[in-house]
Amino acid sequence: MTSEAIDAAKIEAEQIKSFRDFLFSYNKLSELCFVDCVWDFTSRTIRDQENSCAVNCAEKFLKANQRISQRFQEFQVLSNENALAMAKKAG
């Protein structure tokens with residue numbers, strides 16, 4: 001297998017992982033907001049109260065997810081900097 005083929009396989013695997021992570025988040029969002037916001041099953045229409053609840057739920061979920069991702073990236077950068085400093089110190 002050539003290095004180009006290996007690189008392409010790594011990229012494809014990363015894309016699949018990213019898509020899987022997206023689907024997990026989407027499914028979690030859908031489930032949480034549906035359970036919290038849909039109360040009336042006697043009508044085929046969505047009530048205004050349910051709709052606004054679902055919109056607020058989705059916004060909160062996405063903002064929280066974004067904040068967590070941001071903090072994780074900051075932690076990773078700090079961790080990488082510390083590891084690099086330790087490697088320089090040891091070597």
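This note goes through the disulfides and salt bridges of a predicted model.

1. **Disulfide count and pattern.** The model has two disulfides. Counting bonded cysteines along the chain, the pattern is 1-4, 2-3. The pairs are Cys-33 with Cys-57 and Cys-37 with Cys-53.

2. **Cys-33 to Cys-57.** The S to S distance is 2.1 Å. This pair connects distant parts of the chain, with the two positions 24 residues apart in numbering. Cys-33 sits in helix H1, which covers residues 3–37. Cys-57 sits in helix H2, which covers residues 48–90. The torsion about the S-S bond is about -90 degrees, so this disulfide is left-handed.

3. **Burial of Cys-33 and Cys-57.** Are these two cysteines buried or exposed? Cys-33 has a relative accessible area of 8% and is buried. Cys-57 comes out at 16% and also counts as buried. The cut-off for buried is under 20%, so the value for Cys-57 meets it.

4. **Cys-37 to Cys-53.** Here the S to S distance is 2.1 Å. Again the link runs between distant parts of the chain: Cys-37 belongs to helix H1 and Cys-53 to helix H2, 16 residues apart. What is the handedness of this disulfide? The torsion about its S-S bond is about -65 degrees, so it is left-handed.

5. **Burial of Cys-37 and Cys-53.** The two ends fall into separate classes. Cys-37 is buried, at 1% relative accessibility. Cys-53 is partly exposed, with a relative accessible area of 22%. Buried requires a value under 20%, so Cys-53 at 22% does not qualify.

6. **Salt bridges overall.** How many salt bridges does the structure hold? The count is three. The pairs are Lys-17 with Asp-21, Asp-40 with Arg-47, and Arg-71 with Glu-74.

7. **Lys-17 and Asp-21.** The closest N and O atoms of this salt bridge are 3.0 Å apart. Both residues lie in helix H1. They are four residues apart, about one turn of the helix. Lys-17 is partly exposed, with a relative accessible area of 42%. Asp-21 is likewise partly exposed, at 39%.

8. **Asp-40 and Arg-47.** In this salt bridge the closest N and O atoms are 2.5 Å apart. Which class does each partner fall in? Asp-40 is buried, with a relative accessible area of 14%. Arg-47 is partly exposed, at 46% relative accessibility. Since buried means under 20%, Asp-40 falls in that class, whereas Arg-47 does not.

9. **Arg-71 and Glu-74.** The closest N and O atoms of this salt bridge are 2.4 Å apart. Where do the two residues lie? Both are in helix H2, three residues apart, about one turn of the helix. Arg-71 has a relative accessible area of 39% and is partly exposed. Glu-74 is partly exposed too, at 40% relative accessibility.

10. **Points to check against the model.** Both cysteine pairs run between helix H1 and helix H2, as seen for Cys-33 and Cys-57 and for Cys-37 and Cys-53. For the salt bridges, Lys-17 and Asp-21 share helix H1, while Arg-71 and Glu-74 share helix H2.

Definitions and conventions. Residues numbered from 1 in each chain as written. Predicted model: local features only at pLDDT ≥ 70, side-chain atom pairs only at ≥ 80, totals over all residues. Heavy atoms only, no water. Disulfide = S-S within 2.5 Å. Buried < 20%, exposed > 50% of the residue type's maximum accessible area, 1.4 Å probe, protein only. Salt bridge = Lys/Arg side-chain N within 4 Å of Asp/Glu carboxyl O.
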